[in-house]
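Here is a small set of exercises, each with a worked solution. Have the model open beside you and try each task before reading on.

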Amino acid sequence: MLLGRVDAKVPLGPTMKETLTPASRAPDRSEHTPTKVLCAHCGLETLVRGKETWGLGSKAIAAEILAAERLSGRVVQDGSLRPGPSDQQESASKFFCCQGCMGAYSLIHQLGLENFYALRSLSDQESEPVPQVRASEILKDLTQAGVQVDAMGDGTCRVRLGVEGLHCAACCWLIESLPPTLPGLRSAQVRLSDQSLELIYDPSRTAPFRVAEYLARFGYALGPWSPEGTEDQTDGRLRREHWFWIAVAFFLAANAMWIGISLYAGESTGIASEHERFLRWVGALLGLLATVFPGRIFFRSAWQSLRSGIPHVDVPVATGLLVGTIGSLVGAATGRGHVYFDSLASLVLLLRVGRYIQFRAQYRSGVSIAKLLRFHDIEAIRLCEDGSRNVVLAKNLRPGERVEVRAGVTVPADGIVSSGQSELQTAFITGESRPQRVRVGDSVIGGSLNLSSTIEMTVERTVQEGRLGQISDWVQEATTDRTPLIQLADRVGRVFVWVILGLAILTAGFWSVSRGWEVSVERTVSLLTIACPCALALAAPLVITVAIGRAAKEKIWIRDGNSLERLAKPGLMCLDKTGTLTFGDLRVIDWSGPRELLLSISRIELESEHPVARALVDYGRSEFGAEEFDRRIDSVRVSQVRQEAGRGIYGRVDGRMVFIGRSETPIEQSDTSREVTVWVDGQSQGKFRLGDSIRPNLVSSLRQIRDRGWKLAILSGDDSPQVQQIADALSAGGVELVACHGGLSPEQKLQRLGELRSEGATAVMVGDGVNDAVALAAADVGIAVRGPCELAMKNAPIFIGERHLEAIPRLLDASRNAVRAIHRCFAASLLYNALTVGLAMTGYIHPLIAAIFMPISGITVLMMAWSARTFPHRQEKNS
Amino acid sequence: MSVLFIALPLAILLGAAGLFACLYCIRSGQYDDLDSESYRILVDQQPGKSESPEVQE
């Protein structure tokens, strides 16, 4: 089969490295000076070295173009595509960062789908490297993958699969343009909102796995689409339910309103009495239907609230609906008094819309958390006892099973590495932006990304039960927290309900005695309708929920809503040094010596486990870039490596003896700043300066925090001069500290914290989630910026997973804006109610106007809450 | 004016037909994705739709 053949020529993923035989790694590579170009497909900056680039001309490309031409040759019957040698020429000047991109480019081009690039440039997306995607093997067995296959009438099948790698219209268009090029595939429909794809195909001629293989070549990964999809599907169902009832309510309200208009018109111009009676009854019917069907939920929740004895917003609403309905029925029956069915129907509609908006807001914040942690569709390669492999969904893994994790793949479960070593990206859970190295025996966290090479691991817990699952549960729970402001709103809301009911009885009694029952009904209904504590009750939880959801999107995990409120008022912020202001481990600060020597040094230090060795290797890797480093390090031959404890390490490279270390004094562990010298054949060739380096942008981040009115203090356990250095650097940068203490024990930190907070302001502690646990827990708000997230979150309610201290100013802004928004909503709501209730009681507001105003006020307040600038949008990847 | 007695129920019935069509659309999930369509309109033509003749192997 054609596809299979091409795939064999264009290996993807980790196997790519292996196809570069040592012969092609010729030493004369360095003769060409590298130039930087942009990848024609993904736009990634890439290095070009003479003819050995992934430019066109290499054999693999020729095969690729040949294949694509054949494809297009077949497709040309369709009339929509064209083959052409001109394409080859055109793309001959293009460069690519990898074979994947090149393959995708030539394929897209040959299929005549160049529009993709034009469309993509329209959509203003930031370019990012196209990931190396391989077709998910789990799709070979659809039943095991839990994919539901619907047989269609005409012998075709329909499946819905999840797609990864969708960005914009161009991706949509590309995927949907593909079916004619793949025999047996009838149609492909992308759904951007939940990143899924519906395929209709002929099962006798193709299979979803073949489609997945095909799409993988364009950089899209297909997988099972949340098979049980717990949250997504119930939310989808609820949303349909909401729409359903809004549609019904709208229909009833609109018709009732026309009838209402006819009646008003009839009143002023004269109308036959039988017509009037008819219109009244039709209106009554519509209004009744509206209260009975779409309005049912209000009665239900009012009834529940009465039974449980907790007053709820829906009690006055339901009472108003009830009084209005009865009054209007009597009115319609006797032909006297007013009929409010139009108002009732529109009231129900607007209430329903308000409910939907509220649901939407909650759903959205829920979605962002669920989306972020998509674990339902992670898949794993399970290693069986007999040595065979099969692909399973991560959630079906059992503890004790062994799993293979390839490079570029998400770790499918919590577990222990049983063979191989690699680097993992674990920032979301450790706050450490640098990759974490793992070797045999190290534990790995499900959800982290395997960056460099294949490892095998033994499963301990699935992701849901594991650490990531735990965190997401906490965050989810936090959104339902009753923070002080929410509690206040609840209390006020409860009192409010009783006050309104009392006022309603008063109004009804007063007006029925003085002006008769028709007037009394009218004014009571006005009062009950227009009084709306919902804004009061909804605003606070909504703001908090939305803020927590948006924070989670930025990898700021908030475990409790209270702390978000507390951060609103500036107070005192105490910072730990190690790991917070600095990186917290040894790194190379400075290297003076030839760059090429770094390779030999790294090669020797790879043999050592010493922290200094790790720092040097990391430095070498960062100097050359991981890819180049990995490629070149293997060709360095090293022998006779010998470590001398406390002094350094020897090794022979290319016949020269290299010594890295200290000749005179042994390296001391406690020393935070130290020097390491490199000797080649007895000649000093270069010098490393090592230390715990200060985090970048530290001064500017702290200045931003100070500009928001916060006082800053450093409380460190480290008694090195670095504490003072940082303080000096800060004051040079214009950031003054209230206090700066080094060498504190945890108890002393607590004591200092107590002294500093005595002024009554909020005391915030920012630190390492593990080492500063005590201080974090004792502070009013603990913010952990590092450490295993779930441990840190036990002590600190807030964990910053990305961007470190730089995220704090945003967090502070979000908090202040959230609390301000809540206050604004409260004020608006109370003012509105005081004003309108007074007017309604004295009879200045007609029920119809009340019905319009009530939801408008509610929605206004909800919009105010929703649009509160908590975490204003930065560039977001997914729409 | 007595045409009102026929016209009004008729109008409401017609409206109800529209309502039921809408309810059917909601139930069948047509409104589930409102994001892709707004993009799709930017694209001129879609050769990949099922009505295009299928390529023979």
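**Exercise 1. Place A:Ile726 in its helix and find what surrounds it.**

Solution. Step one: A:Ile726 belongs to helix H26 (residues 722-732) of chain A. Helices (H or I, at least four residues) and strands (E, at least two) are DSSP runs, numbered from the N terminus. Before going further, note that this is a predicted model, where local features need pLDDT of at least 70, side-chain atom pairs count only at pLDDT 80 or more, and totals for chains, interfaces and linings use all residues. Residues are numbered from 1 along each chain as its sequence is written, chains are lettered from A and ligands numbered from 1 in the order in which they are written, and side-chain values use heavy atoms, with hydrogens and water left out.

Step two: A:Ile726 counts as buried because its relative accessibility is 1%. Buried means under 20% relative accessible area, exposed over 50%, and partly exposed in between (1.4 Å probe, protein chains only).

Step three: setting aside neighbours within four places in sequence, A:Ile726 is in contact with A:Lys577, A:Leu581, A:Thr582, A:Ile694, A:Leu698 and A:Ile714. Contact means heavy atoms within 4.5 Å. For A:Leu581, the sequence separation from A:Ile726 is 145 residues, yet their C-alpha atoms are 8.3 Å apart.

**Exercise 2. Locate A:Asp768 and say whether it is buried or exposed.**

Solution. Step one: A:Asp768 sits in strand E27 (residues 763-768) of chain A. Step two: with 3% relative accessibility, A:Asp768 counts as buried. Step three: from A:Asp768 to A:Thr578 the C-alpha distance is 7.9 Å, although 190 residues separate them along the chain.

**Exercise 3. Describe how helices H13 and H17 of chain A pack, then look at A:Thr507.**

Solution. Step one: helix H13 (residues 314-334) and helix H17 (residues 484-515) of chain A pack at about 25°, and their axes lie 9 Å apart. H13(A) is therefore roughly parallel to H17(A). Axes are lines fitted to C-alpha atoms, for helices over the stretch in contact, and angles run from 0 to 180 degrees between N-to-C directions. Angles under 35 degrees count as roughly parallel, over 145 as roughly antiparallel, 65 to 115 as roughly perpendicular and the rest as oblique.

Step two: on the H13(A) side, A:Val315, A:Pro316 and A:Thr319 meet A:Val497, A:Ile500 and A:Leu501 of H17(A).

Step three: A:Thr507 is also in helix H17 of chain A, and at 2% relative accessibility A:Thr507 counts as buried. Not counting residues up to four places away in sequence, A:Thr507 touches A:Arg523, A:Thr524, A:Leu527 and A:Met841.

**Exercise 4. How many salt bridges does a search of the whole structure find, over all chains?**

Solution. Step one: the search finds eight. A salt bridge is a side-chain nitrogen of Lys or Arg within 4 Å of a carboxyl oxygen of Asp or Glu. Side chains of opposite charge can pair when their charged atoms come close.

Step two: one of them joins A:Arg160 and A:Glu198 at 3.6 Å, N to O. A:Arg160 is in strand E4 (residues 157-164) and A:Glu198 in strand E6 (residues 196-201) of chain A, so this pair ties together parts 38 residues apart in sequence.

Step three: the side chains of A:Asp414 and A:Arg461 form another, with the closest N and O atoms 3.1 Å apart. This pair links distant parts of the chain, as A:Asp414 lies in strand E11 (residues 413-419) and A:Arg461 in strand E16 (residues 455-462) of chain A, 47 residues apart. A:Asp414 is buried, with a relative accessible area of 1%, whereas A:Arg461 is partly exposed at 35%.

**Exercise 5. Set out the totals for chains A and B.**

Solution. Step one: chain A has 31 helices and 29 strands, while chain B has two helices and zero strands.

Step two: 53% of the 879 residues of chain A count as buried, and for the 57 residues of chain B the figure is 28%.

Step three: among chain A contacts between residues at least 6 apart in sequence, 70% join residues at least 24 apart.
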